[in-house]
Amino acid sequence: MREDGRDRKASRASRTLSSRRLAVNGYRLGGTTGLAHLLGMIVTRFAPSPTGLLHLGHAHSALFAHRAAREAGGRFLLRIEDIDRARCRPEFDAAILEDLAWLGLDWDGEVRRQSEHFDDYRAALARLAERGLTYPCFCSRKEIAAEIAQAGAAPHEPLAAIYPGTCRALGEEERRSRIAAGAPYAIRLDVGRAIEAAGPLSWRDLDAGTIVADPAIEGDVVLARRDTPVSYHLAVTVDDHLQGVTLVTRGADLFTATHIHRLLQALLGYATPDYRHHPLRTNAAGERLSKRDGALSLRALRATGKSPAEVRAMAVL
Ligand SMILES: [Zn+2]
């Protein structure tokens with residue numbers, strides 16, 4: 001059923017696409033990223049989180065982005081995504097730089113660390129709030145899980161994880177009094193209103209072609225958390241814009257997130273980069289590589305005497 005609904009939506013969106021594209025191009029010419037787009041320069045980035053050691057999966061992503069830039073004579077940037085201050089550690093940050101250098105990957109310009117740019121994210125959030133596109137959510141994780149269960153969602157359905165929008169209906173007075181009383185809250189995007197404001201959107205995936213955005217796919221996403229002034233979605237969108245990234249390359253697990261990022265780009269008046277989503281590296285059991293696969297960390301491979309060239313060959317397999 002959902003597929004049918006999406007198809008209808010897709011054809012509706014594609015009918016209005018050509019007129020929207022002009023508006024999007026208007027942004028491209030005016031935006032910061034516009035110049036790189038205009039000159040056709042490729043700017044890619046690798047953006048790991050310092051929550052553990054880099055493994056072969058990270059090396060695959062980094063090499064993919066590095067090659068896309070270098071083959072086109074473009075720029076390859078490094079960004080450390082360390083907004084989660086509780087999980088990120090400086091020793092992993094240092095290890096990332098060292099492992100990439102050992103692997104033979106050079107990056108252009110300064111490393112951007114998200115934790116040093118909270119003001120940029122606050123400013124973007126304020127712009128969305130001014131347009132009435134955000135709202136405070138006072139729900140705890142436990143309450144959200146209970147609300148979803150009550151709504152009768154099947155436990156294995158992917159959509160079951162979507163926030164049901166409980167706090168969207170709260171009145172202005174109620175919001176103010178809860179905040180004044182010191183209740184902790186996150187900031188969510190009112191996706192329905194945001195889609196209405198942005199109109200139909202699409203992006204170019206260099207492998208899959210033109211993708212019609214369906215930003216409702218993850219519901220009213222969190223833009224700022226109770227304990228962190230920004231979420232992954234907003235930080236990445238702002239950073240890619242400020243760093244002038246023209247080609248976002250990342251794992252296929254983030255394909256869904258691109259629908260949200262495309263919407264945020266439109267709302268904030270940013271240029272839209274092209275995208276490539278590569279398959280994720282898996283372990284012998286066919287599972288996505290994680291910190292548990294310590295033996296496949298670049299450090300561990302290096303300790304066994306493997307050369308950078310050998311590890312690069314393993315990573316691109
Ligand atoms: Zn809520």
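**Exercise 1. Find which residues Arg-276 touches, leaving out those up to four places away in sequence.**

Solution. Arg-276 touches Asp-205, Leu-206, Asp-207, Leu-247 and Thr-249, when residues up to four places away in sequence are not counted. Two residues are in contact if their C-beta atoms, placed from the backbone, lie within 7 Å. Before going on, note that this is a predicted model, in which local features need pLDDT of at least 70 and side-chain atom pairs count only at pLDDT 80 or more, while totals for chains, interfaces and linings use all residues. Residues are numbered from 1 along each chain as its sequence is written.

Next, place the residue: Arg-276 lies in strand S10 (residues 274-278). Helices (H or I, at least four residues) and strands (E, at least two) are DSSP runs, numbered from the N terminus. Then look further along the chain: Ala-65 is 211 residues away from Arg-276 in sequence, yet their C-alpha atoms are 9.3 Å apart in space.

**Exercise 2. Decide whether Arg-276 is buried, exposed or partly exposed.**

Solution. Start with the cut-offs: a residue is buried if 20 or more other C-beta atoms lie within 10 Å of its own, exposed if 12 or fewer, and partly exposed in between, with C-beta atoms placed from the backbone. Arg-276 has 18 other C-beta atoms within 10 Å, so Arg-276 is partly exposed. For the whole protein, 33% of the 317 residues count as buried. Now try helix H8 (residues 172-180): among its nine residues, the count of buried ones is zero.

**Exercise 3. Describe how helices H4 and H13 cross, and which residues make the contact.**

Solution. First take the axes, which are lines fitted to C-alpha atoms, for helices over the stretch in contact, with angles from 0 to 180 degrees between N-to-C directions. The axes of H4 (residues 56-71) and H13 (residues 308-316) come within 8 Å and cross at roughly 90 degrees. H4 is therefore roughly perpendicular to H13. Angles under 35 degrees count as roughly parallel, over 145 as roughly antiparallel, 65 to 115 as roughly perpendicular and the rest as oblique.

Then list the partners: H4 gives Leu-56, Ala-59, His-60 and Leu-63, and H13 gives Val-311, Arg-312, Met-314, Ala-315 and Val-316. Sorted by class, this contact has seven nonpolar, one polar and one charged residues. Here Ala, Val, Leu, Ile, Met, Phe, Trp, Tyr, Cys and Pro count as nonpolar, Asp, Glu, Lys and Arg as charged, and the others, Gly among them, as polar.

**Exercise 4. Do the same for H9 and H11.**

Solution. The axes of H9 (residues 191-198) and H11 come within 10 Å and cross at roughly 60 degrees. That angle makes H9 oblique to H11. The contact joins Ala-194, Ile-195, Ala-197 and Ala-198 of H9 to Leu-263, Ala-266 and Leu-267 of H11. By class, there are seven nonpolar, no polar and no charged residues in it.

**Exercise 5. Find the residues with the most contacts inside the largest nonpolar core.**

Solution. A nonpolar core is a set of buried Ala, Val, Leu, Ile, Met, Phe, Trp, Tyr and Cys residues joined through C-beta atoms within 7 Å. The largest one has 61 residues, and those with the most contacts inside it are Ala-59, Leu-125, Leu-223, Leu-234, Ala-235 and Leu-263. H4 supplies the largest share of this core, six residues. Finally, look at Leu-234: leaving out residues up to four places away in sequence, Leu-234 touches Tyr-121, Ala-124, Leu-125, Leu-223 and Leu-264.
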